[in-house]
Amino acid sequence: MILRLAIASLFARALTVGMTILAIALSVALFLGVEKVRTGAKASFADTISGTDLIVGARSGAVQLLLYSVFRIGNATNNITWESYQDIAARPEVKWSVPISLGDSHRQFRVMGTTTGFFDHYKYRQGRALALRDGTVMNDLFDTVIGADVAATLGYRLGDPIIVAHGLASFAEHKDQPFRVAGILEKTGTPVDRTVIVSLEAIEAIHVDWRSGAKIPGQTTSAEVLRGMDLKPKAVTAVLLGVESPLRTFALQRAINDYPQEPLLAILPGVALQELWGIVGIAETALLAVSAMVVVTALIGMMATIFSSLNERRREMAIFRAMGARPAVILALLVLEAVLMAACGAGVGLGLLYAGLIVAQPMVDSAFGLWLPIEAPTLRELWVMGAVVCAGAIVSTLPAIRAYRLSLADGMMVRT
């Protein structure tokens with residue numbers, strides 16, 4: 001009976017109720033959307049590299065090493081000598097090793113020198129391997145494999161030439177040794193999409209005629225001569241390591257951190273990611289707090305709407321009382337109306353969230369490399385929706401109490 005009355009009352013005030021439901025829906029969608037982006041960003045960052053047990057670089061900070069070696073953000077303070085890399089790679093605990101060399105760029109995209117082992121051992125999103133959309137990996141000294149974003153942004157196809165610039169944001173280019181696009185990778189949603197990959201020997205080759213960051217005037221070595229030279233690297237920026245047994249990971253990490261030949265740092269990617277999220281945790285909390293305040297504001301708006309409608313409904317409440325309705329029935333009626341509005345708002349908000357995810361998922365993945373999964377509502381999201389409904393019942397209590405305390409005579413009196 002009360003439920004039927006509450007539904008009829010809501011339909012009688014359809015415009016006001018609809019606007020209130022929309023305000024709650026938008027606030028719930030915003031809060032859950034922020035939560036989706038937050039968890040999606042964490043998952044995307046965590047899934048950027050999987051299957052790699054240790055990352056080794058010059059001694060600096062764990063977050064700095066993670067940022068420049070995996071996310072191509074920032075620069076290394078120093079390099080690792082080739083001899084030290086070979087020594088570490090030859091240790092019995094090491095199952096596989098992939099050296100990488102950073103420093104050059106191509107039209108704002110980072111250039112990375114590595115071995116073909118990178119395509120075998122680099123994994124992302126819980127063990128997915130890199131796949132070529134077109135072409136092959138590097139077979140020639142001046143072959144390059146480019147990420148999906150590089151190809152899409154610059155419009156490159158197989159066989160197109162690429163001129164590598166010396167350093168980042170540099171006007172000095174290695175025009176004498178152009179590269180050729182030999183392969184284009186499938187989209188991964190990781191920094192690999194924005195990377196130009198060449199061989200370590202190619203990095204050495206394009207710097208043969210350079211000294212101290214500048215080209216030697218009048219000296220140009222032809223590609224044929226470079227192909228016949230010993231282009232063993234002198235140093236690398238970082239090394240990705242796979243360990244034979246997880247039980248030996250910490251022992252290997254300690255041995256590298258105490259390496260006597262030069263100061264090195266070995267980090268566990270997962271631990272460094274947790275440290276990174278600890279640094280940005282304040283901004284994350286602030287964003288959630290703002291979203292929560294939007295929900296609170298919508299609920300307060302609903303309470304204000306109920307309060308403002310009381311004067312219009314005084315005669316309605318008085319008639320209910322005159323017909324024998326107890327005060328508890330009046331209170332329950334108004335609380336039930338608020339609960340229905342909050343529940344509808346939460347449900348519509350969830351629907352708006354998933355509609356937004358369907359539209360935004362490919363765009364966010366393409367623009368920012370963040371994968372926002374479309375999955376069934378999590379327990380946390382259901383708790384949020386339940387909390388919104390409970391909060392709606394709580395904020396409606398004050399106007400409900402005021403309504404049933406209005407006297408019958410005051411409600412029936414005609415004001416002039």
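## A nonpolar patch on the surface

In this predicted model, Leu15, Met19, Leu22, Leu26, Val348 and Leu352 together make a nonpolar patch on the surface, with an area of about 580 Å². Two helices, α2 (14-47) and α13 (327-368), each supply at least two residues of the patch, and α2 gives the most, with 4 residues.

Leu26 serves as an example of a patch member, and this residue is found in helix α2. Its relative accessibility is 49%, so Leu26 counts as partly exposed, a class that ends at 50%, above which a residue would be called exposed. Helix α13 also holds Ala343, which is partly exposed because its relative accessible area is 35%. Between Ala343 and Thr190 there are 38 Å in space, taken from C-alpha to C-alpha, and the two are 153 residues apart in sequence.

## The nonpolar cores

Which residues touch the most other members of the largest nonpolar core? They are Ile55, Leu66, Phe118, Leu130 and Ile197, in a core that has 30 residues. Two or more residues of this core come from each of α3 (62-70), β3 (94-106), α5 (117-121), β15 (238-243), β16 (264-267) and α10 (269-279), and α3 gives the most, with 5 residues. There is also a second, separate core of 26 residues, and among its members are Leu299, Met341, Ala346 and Val388.

Phe118 can be followed in more detail, since its contacts are listed apart from its neighbours within four places in sequence: they are Arg72, Val98, Met112, Leu130, Val192, Ile197 and Leu240. Leu240 is also touched by Thr52, whose other contacts, not counting residues up to four places away in sequence, are Trp96, Leu241 and Pro269. Thr52 has its place in the loop between α2 and β1 (54-58), and it counts as buried because its relative accessibility is 9%, where the limit for a buried residue is under 20%.

## Aromatic pairs

How many aromatic pairs does the structure hold? There are 4 of them. In one, Trp82 and Tyr85 form a tilted pair, with 4.9 Å from centre to centre and 45° between the planes. These two residues are 3 apart in helix α4 (residues 82-89), so they are separated by about one helical turn, and both Trp82 and Tyr85 are buried.

Another pair is stacked, and joins Phe118 to Tyr122 at 5.0 Å from centre to centre with 25° between the planes. Phe118 counts as buried because its relative accessible area is 2%, and Tyr122 is likewise buried, with a relative accessible area of 5%. Ring pairs also bring in Phe119, so that Phe118, Phe119 and Tyr122 are linked into a cluster.

## A buried residue in a strand

Phe179 has its place in strand β10 (residues 179-185), and its relative accessibility of 3% is why it counts as buried. Leaving out residues up to four places away in sequence, Phe179 touches Leu141, Phe142, Asp143, Thr144, Asp160, Pro161, Ile162, Val164, Val198, Ala202 and Ile206. The C-alpha atoms of Phe179 and Thr116 are separated by 17 Å, and the two residues are 63 apart along the chain.

## Salt bridges

The count of salt bridges in the model comes to 10. One of them joins Arg91 and Glu93, whose closest N and O atoms are 3.0 Å apart. Arg91 is partly exposed, with a relative accessible area of 30%, whereas Glu93 is buried, with a relative accessible area of 9%. In another salt bridge, between Asp134 and Arg133, the closest N and O atoms are 3.5 Å apart; here Asp134 counts as partly exposed at 34% relative accessibility, and Arg133 counts as partly exposed at 42%.

Arg227 and Asp140 also meet through their side chains in a salt bridge, at 2.9 Å from N to O. This pair links distant parts of the chain, for Arg227 lies in helix α8 (residues 223-227) and Asp140 in the loop between β7 (132-135) and β8 (143-146), 87 residues apart. Arg227 is partly exposed, with a relative accessible area of 41%, and Asp140 is partly exposed, with a relative accessible area of 29%. Finally, a network of salt bridges links Asp149, Lys187, Asp193 and Arg194.

Key. Residues numbered from 1 in each chain as written. Predicted model: local features only at pLDDT ≥ 70, side-chain atom pairs only at ≥ 80, totals over all residues. Heavy atoms only, no water. Patch = residues over 30% accessible without salt bridge, like charges linked within 9 Å, V, L, I, M, F, W, Y side chains within 5 Å. Areas by Shrake-Rupley, 256 points an atom, 1.4 Å probe, with all protein chains shown as cover. Salt bridge = Lys/Arg side-chain N within 4 Å of Asp/Glu carboxyl O. Buried < 20%, exposed > 50% of the residue type's maximum accessible area, 1.4 Å probe, protein only. Core = buried A, V, L, I, M, F, W, Y, C linked by side-chain atoms within 4.5 Å. Contact = heavy atoms within 4.5 Å. Phe/Tyr/Trp six-rings, centres within 6.5 Å; stacked < 30°, edge-to-face > 60°.
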